[in-house]
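Morning, everyone. I have one structure to show you today. Take a look at the screen, and then we'll walk through it.

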Amino acid sequence: MDNIDNQAAASWLQSVRWNSAENQLDLLDQRLLPESIVYLPLTTSEQVWDAIKQLAVRGAPAIGITAAFGVYLGVRDVTGSREKLLDAVAKQCEYLATSRPTAVNLFWALDRMKQRAVVLAAEGGEPEAMKQALLDEARLIQSEDEQTCRLIGEHALALFEDGMGVLTHCNAGGLATARYGTATAPMYLAQERGIQLKVYADETRPVLQGARLTAFELQQAGVDVTLICDNMSGAVMSKGWVQAAIVGTDRVAANGDVANKIGTYSVAVLAKAHGIPFYVACPMSSIDLSTPTGADIPIEERHEDEITQGFGKRTAPQGVKVFNPAFDITPNEYVTAIITEKGVIRAPYQDNLKKLFTEE
Ligand code: MRU
């Protein structure tokens, strides 16, 4: 992929930007943060697939938004009948769905794009107009995510008090979404309103989303953030510095089990041991009622190099056996509440998550 050095137009760093002038997707390369701000100009769905796979873009909602634009990029040059376009949309969705397995927002966004194409075709849409409508749909997914995250922030902030210490893991921040993040949304809203929160960001091995991304974006926004190694969260809790833990999620199963970045489970267990509430903040699109329990969520395993030479130099012996799951499952009994744009959900999750969808 070509690199373009390109300062963010917005006052916050937007991870996904549709560039109308060039008719391309400008994607912030999150692998290079915090050192460089580089936007990748993406013009094909293959580039989008690769960007998702290689973590240039990451975080469940941002992956979904990016893939939605990828569908448009993958079909915009298709010529011929509406049936041919519909077929191409379905193929692109299938293809992009193979980029990463765990975040359900990817499949949710692709399904939404596919359904939109089906409706447009049923309405007798002309292929060129259908393509434009698919681009509009991707943009709508992005703008809705911004509003969703802000609402999540409102509901989450109601659970927090001025002066509280809040611990987070990985990056469920603005970079992982359209804006505000999920777990970080209350932190941004608190900042806007002069409410003091003291945030502890786990560095999040192996690829350091907490250090490179969460600490970076919160610091940029002026939020009081302290970076700690993953193995320090218990010590920080035992000192009484943390009154709440809040994380994002890649998928919530029907029973309330939660998949999130590896290490989240340890944070949840530690939080319970210290009597600290453990919150999961996510859009409704991260809740997957078709997956019964956490055991049914596919967990991505990534390359061993992330662990053996993740800092750009070898830190483990050649040939050592490595286990590198990108996510873990936090059983629902450790989850104090799930915070969505629709409000705060508590146990019993099986019933209450279902209700949330039937009320829609
Ligand atoms: O491997 P990543 O960086 O895509 O993992 C991201 C996470 O685990 C996030 O916490 C999750 O996607 C929620 S983002 C709002």
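Here's my opening question: where does the ligand lie relative to domain 1 (16–148) and domain 2 (160–356)? It lies between them, because both domains give residues to the shell around the ligand. One caution before we go on: this is a predicted model.

Let's stay with the ligand. It is surrounded by 18 residues. The closest are R58, A60, A172, G248 and K261. Two elements each give two or more residues to this shell: helix α2, 60–75, and strand β10, 258–261. What about chemistry? The shell divides into seven nonpolar, eight polar and three charged residues.

Now the two domains. Their C-alpha centres lie 26 Å apart. How many residues of each domain are in contact with the other? Domain 1 has 23 residues in contact with 27 of domain 2. On the domain 1 side, the elements giving two or more residues are α2, α4 (104–122) and α5. By class, that side has 11 nonpolar, eight polar and four charged residues.

Next, the sheet. It is an open sheet of seven strands with mixed pairing. Follow the order on the screen: β7-β6-β5-β8-β11-β14-β15. Which strands stand at the edges? They are β7 (224–228) and β15 (343–345). Each has a single partner strand, so one side of each is left without a neighbour in the sheet. On average, neighbouring strands are turned by 25° against each other, direction ignored.

Some background on sheets. Strands pair through backbone hydrogen bonds, either parallel or antiparallel. Now take one pair as an example. β5, residues 165–168, and β8, residues 244–247, pair in the parallel sense over two bridges. Find V166: it stands opposite A244 in β8.

Helix α5 packs on this sheet. It touches β8, β11 (278–281), β14 (337–340) and β15. The direction of α5 makes about 140° with that of β14.

Last stop: α5 again, with a helix this time. The axes of α5 (residues 127–157) and α6 (residues 185–192) come within 7 Å. They cross at roughly 75°. That makes α5 roughly perpendicular to α6. Which residues make the contact? From α5, they are C149, R150, I152, G153, E154, A156 and L157. From α6, they are A185, P186, Y188, L189 and A190. This contact divides into nine nonpolar, one polar and two charged residues.

That's the tour. To recap the start: the ligand lies between domain 1 and domain 2.

Terms used
Residues numbered from 1 in each chain as written. Predicted model: local features only at pLDDT ≥ 70, side-chain atom pairs only at ≥ 80, totals over all residues. Near = placed C-beta within 6 Å. Helix = DSSP H or I, 4+ residues; strand = E, 2+ residues; numbered from the N terminus. Nonpolar A, V, L, I, M, F, W, Y, C, P; charged D, E, K, R; others polar. Domains from an automatic or database assignment. Axes fitted to C-alpha atoms, helices over the stretch in contact; angles between N-to-C directions. Parallel < 35°, antiparallel > 145°, perpendicular 65-115°, else oblique. Contact = placed C-beta atoms within 7 Å. Pairing = 2+ DSSP bridges.
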